[in-house]
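Visitor: I would like to learn how to read this model feature by feature, taking the general idea and then the particular case. Could we start with a pairing between strands?

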Amino acid sequence: MRVDTGQVFKLEDYKPSEFLIPETKLTFNLHPTKTLVQAELTIRTRSGQPPNAALVLDGDELVLRSLAINGKVLDAASYTATPDRLTINELPQADTFTLSIETEVAPEHNKALSGLYRSSGNYTTQCEAEGFRRITYFLDRPDVLSVYTVRLEADSKEAPLLLSNGNLVERGPVESGALDSGRHFAVWHDPFPKPSYLFALVGGDLGSIKDSFTTASGREVELGIYVEHGKEERAAYAMAALKRSMRWDEEVFGREYDLDVFNIVAVSDFNMGAMENKGLNIFNDKYVLADEATASDADYAGIEAVIAHEYFHNWTGNRITCRDWFQLCLKEGLTVFRDHEFSADQRSRAVKRIAEVRGLRAQQFPEDQGPLAHPVRPRRYREINNFYTSTVYEKGSEVVRMIRTILGAEDFRRGMDLYFERHDGDAATIEDFLRVFEEVSGRDLSQFALWYHQAGTPSVQVAMRHDADKREVTLHLEQALAPTPSESRKRLMHIPLQFGLVGQDGRDIAVKAAGEGVEGDVIHLRKRHQTIRFTDVPERPVLSINRGFSAPIMLAMEQTAEDRMFLARHDSDLFARWQALTTLYTQALTQAYRTIRGGSTPEFAPALLALVGDTARNEALEPAYRALALSLPGEGDIAREIGQTIDPDAILAARNALVLAIAAANADDFAKIYEAMAASGPFSPDAADAGRRSLRNVLLDYLSAPAGDVKRAASRYESATNMTDRAAALAVLAHRQSGSPETVAALADFESRFRPEPLVIDKWFQIQATVPGTATVNTVRELMRHSGFSIDNPNRVRSLVGTFAAANQTAFHAADGSGYKLFADAVLEVERRNPQVAARIATAFRSWRSLEPGRQDKARQALVAISQHRDLSSDLRDIVERTLA
Ligand code: PHE
Ligand code: ZN
């Protein structure tokens with residue numbers, strides 16, 4: 001474990017490396033506890049002169065076995081080797097030399113899942129961000145690009161499959177006598193220079209499915225997906241998604257694949273979603289395996305998105321990589337944008353956009369408004385692993401989306417083309433990226449660039465006035481940005497707001513703007529206050545603004561409930577229509593919260609309840625959209641709206657009260673639509689069928705909300721023929737009718753049905769971890785002792801412990817502090833094995849200061865208890881200290 005040293009890395013300290021490694025030859029002798037790694041590195045000085053300083057290579061928990069330069073073993077006096085650093089003081093007087101390093105590693109004992117490790121008996125690697133230094137000493141930084149040749153040797157029975165990056169050049173036991181009996185080898189060569197974080201190998205015994213793809217220019221690419229034996233059929237959807245991604249990247253971004261093979265390997269122990277290693281993507285099996293009996297529609301959508309994301313990295317990340325880790329959003333934000341666009345094209349654009357925004361608000365907004373806030377491009381870090389955040393990824397994607405909004409689709413594409421052309425083979429920066437868009441468009445993006453440099457969610461206030469006599473509309477806009485950690489003074493942002501003035505017939509009124517700041521349907525807000533006048537407006541319009549969520553901001557608008565209801569029925573922008581309804585929900589819920597806190601019973605406007613019913617019935621809207629429109633803001637969303645001295649129990653009560661009111665007002669219609677949405681044909685995971693299932697399951701939740709209304713959900717559970725419906729029915733039973741005999745029976749049935757399927761048991765963990773109320777603290781404690789749980793496996797830990805803390809407000813924030821205590825203990829237990837995963841789930845504490853004083857105090861105590869542990873990992877110490885600061 002990398003123990004915290006207090007060292008801080010700063011963007012302004014960037015210096016190019018004095019030494020380069022144009023060529024890397026690796027030989028692995030794979031063994032569970034004694035893997036030998038021989039690295040033969042061609043080292044060249046950047047200057048072309050003999051070296052004038054020591055060569056310092058990165059390591060992490062390494063054991064050096066031998067060291068030679070140009071074939072000559074080094075004597076002990078000329079270097080120092082520690083587990084985390086190799087310093088060679090005496091170097092040849094030449095600009096180029098060969099360094100041979102032999103290290104020994106124990107994959108079997110590597111529970112951090114970084115570097116070379118074993119998962120279900122297979123050898124696998126994870127090198128981003130700094131895992132390669134756990135394999136051999138190296139210049140482990142993304143701006144050192146090298147051409148790799150990798151020779152893998154292993155026991156033929158234990159690891160008949162040997163994969164690495166690039167193309168296979170040789171394999172076999174041909175050179176008889178050269179290998180010990182029972183061993184074999186394979187040699188892989190990757191012609192594209194790459195940073196060490198993109199290195200990968202896999203050795204093991206896996207099943208596979210194969211396919212092929214012909215690129216636009218006629219190159220034949222062999223595709224392989226490797227999974228546990230017996231699960232091959234479950235990889236079919238991922239393969240289809242891969243081929244669709246490859247075609248889409250050609251059509252939409254003009255990007256073609258560049259090697260003869262593209263392999264994907266699914267492993268069951270993985271810290272993140274997946275990894276874009278050149279030509280050899282390694283995936284959390286959750287994002288590969290799917291069939292109707294074990295995967296939900298959300299799982300299918302997740303697979304499609306992650307397969308695309310990793311594939312798209314081949315150009316945005318691999319061909320053009322990052323100069324340093326401060327530039328992480330250069331590859332991640334851009335690639336998320338690309339995968340979002342892909343999914344939008346494959347499915348429904350409006351539905352996809354709403355889902356993105358819900359995710360952004362639930363994950364990124366609280367990050368940006370709490371103690372862990374950081375710019376999309378951070379300026380400093382203590383532990384880079386903690387910067388794989390929704391700010392870098394999701395807000396990073398929003399920033400790219402805004403560039404497109406500002407430039408328009410055509411100039412955006414020209415900018416991307418120039419970026420690929422100019423920077424292919426480079427380790428680039430955000431400045432490089434912005435420059436291409438400035439060049440193709442002639443626009444000045446310097447103010448816009450603040451989206452990369454300033455943390456925090458801007459807020460925009462809007463007021464509209466209509467002057468009937470003058471036939472004029474005036475908009476007043478004002479922007480503000482609250483201070484964030486280490487950024488007390490903020491500069492004004494360039495905020496692109498897509499808008500429309502909606503007439504009484506529901507159509508947009510064609511407008512003429514007087515003065516600057518409006519371009520087509522986009523308002524460019526660049527000053528603190530901005531006033532925009534529209535002339536020749538025939539009637540009082542209703543303002544629809546931030547359409548499509550064109551900017552990731554908080555919007556405060558003076559608008560009547562009637563106007564919002566009008567937009568919720570008529571806005572031509574489907575995102576804005578959904579937003580209008582969601583704002584109405586939020587207002588009703590915060591008011592209900594205050595009523596409940598005041599000791600009274602909340603009531604809801606009949607017009608709102610009727611609007612919900614009308615939306616549910618509106619067949620002009622696709623079912624998936626209606627399902628989203630019927631989904632109330634989550635407890636976390638409501639908490640964010642309230643802001644401070646939060647009482648999670650009152651939030652839950654307010655939300656339940658609105659659910660019951662909507663259900664009571666629309667019971668008959670909901671029951672009818674519920675029946676109408678029943679499946680008619682065989683199962684398909686496509687968006688249309690998934691949409692019908694999601695509407696049906698949202699309605700099931702409403703219909704099962706009244707106490708005792710358990711029958712429909714119980715029979716839905718029993719008759720379910722796919723995982724979406726089965727898990728949804730189980731969640732409704734567990735969350736709405738907790739403790740009923742039907743719920744107990746269904747939970748037991750689910751467990752016995754799916755015991756051999758860890759990914760499905762994860763759903764069972766998640767559903768139970770999110771049952772509202774304090775009693776869940778004990779449930780989680782007991783489930784941690786369940787035979788299906790493993791503290792070593794990230795998916796299990798996230799499903800049970802992570803979900804409990806991140807998605808169960810009333811249990812995690814139990815007033816007596818028992819939820820915090822359970823969680824803090826679990827985090828420390830995870831940390832001893834896997835600091836990255838521990839640090840990630842520990843971010844659930846981030847909003848602790850917005851709680852009411854009693855809970856705040858208990859949360860702080862739990863955080864302090866963690867921070868007082870000695871030898872905390874750099875990962876966990878960084879999160880805990882920033883959260884407490
Ligand atoms: N780069 C991976 C991605 O595609 C994420 C990742 C980061 C995976 C670090 C493993 C370790 O987003
Ligand atoms: Zn990525």
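## Reading strands, sheets, domains and a ligand shell

Guide: Leu-57 stands opposite Leu-86 in β8, and this is a convenient place to begin, provided we keep in mind that the model is predicted. In general, the strands of a sheet pair through backbone hydrogen bonds, either parallel or antiparallel. Here strand β4, residues 55-58, pairs with β8 in the antiparallel sense, and four bridges join the two.

Visitor: Which residue stands opposite Leu-86 when β8 is paired with β7?

Guide: That residue is Ala-81. Strand β7, residues 79-82, is likewise antiparallel to β8, with four bridges between them, and these two strands form a hairpin in which two residues lie between them.

Visitor: Which residues of β8 make up its covered face, and which its uncovered one?

Guide: The general idea is that side chains in a regular strand alternate between the two faces of the sheet. In β8, residues 85-88, Leu-86 and Ile-88 form the covered face, while Arg-85 and Thr-87 form the uncovered one.

Visitor: How should I read the order of strands in a whole sheet, for instance the open sheet of five strands?

Guide: Follow the neighbours from one edge to the other, which here gives β17-β18-β19-β21-β20 with mixed pairing. The edge strands β17 (207-214) and β20 have a single partner strand each, so one side of each is left without a neighbour in the sheet. At one of these edges, β17 is antiparallel to β18, residues 220-227, over eight bridges, and within that pairing Ser-208 has Tyr-226 of β18 as its bridge partner.

Visitor: What is the order in the open sheet of eight strands?

Guide: It runs β6-β5-β9-β3-β2-β12-β15-β14, and the pairing is again mixed. Its edge strands, each pairing on one side only, are β6 (72-73) and β14 (167-172). Inside that order, strands β2 (residues 19-29) and β3 (residues 35-45) run antiparallel and are joined by nine bridges, with Phe-28 having Val-37 in β3 as its bridge partner.

Visitor: Turning to helices, is α26 largely enclosed or left open by the rest of the structure?

Guide: An α-helix has 3.6 residues a turn, so residues three or four places apart point the same way. In helix α26, residues 874-884, eight of the 11 residues are buried, so this helix is largely enclosed by the rest of the structure. Among the buried residues are Leu-876, Ile-879, Val-880 and Thr-883, and what covers the buried residues includes α23 (818-833), α24 (835-842) and α25 (853-867).

Visitor: What does the UniProt annotation say about residues 562-885?

Guide: The unreviewed entry annotates them as "domain: Peptidase M1 alanyl aminopeptidase C-terminal". Over these residues the chain is 72% helix and 0% strand, with end C-alpha atoms 44 Å apart. The domain assignment, for its part, includes domain 2 (321-453) and domain 4 (757-885), whose C-alpha centres lie 30 Å apart; their contact takes nine residues from domain 2 and 12 residues from domain 4.

Visitor: Finally, which residues come nearest to ligand 1?

Guide: Of the 13 residues around this ligand, the nearest are Glu-128, Met-272, Met-275, Glu-276 and Tyr-388. By class, the shell consists of five nonpolar, four polar and four charged residues, and both β20 (274-275) and α2 (297-312) supply at least two residues each.

Technical notes
Residues are numbered from 1 along each chain as its sequence is written. Chains are lettered from A and ligands numbered from 1 in the order in which they are written. This is a predicted model: local features need pLDDT of at least 70, side-chain atom pairs count only at pLDDT 80 or more; totals for chains, interfaces and linings use all residues. A residue is near a molecule or strand if its C-beta atom, placed from the backbone, lies within 6 Å of it. Ala, Val, Leu, Ile, Met, Phe, Trp, Tyr, Cys and Pro count as nonpolar, Asp, Glu, Lys and Arg as charged, and the others, Gly among them, as polar. Two strands pair if DSSP finds at least two bridges between them. Domain bounds come from an automatic or database domain assignment. Two residues are in contact if their C-beta atoms, placed from the backbone, lie within 7 Å. UniProt positions are given in the numbering used here, feature names are shortened, and annotations may be inferred rather than shown by experiment. A residue is buried if 20 or more other C-beta atoms lie within 10 Å of its own, exposed if 12 or fewer, and partly exposed in between; C-beta atoms are placed from the backbone.
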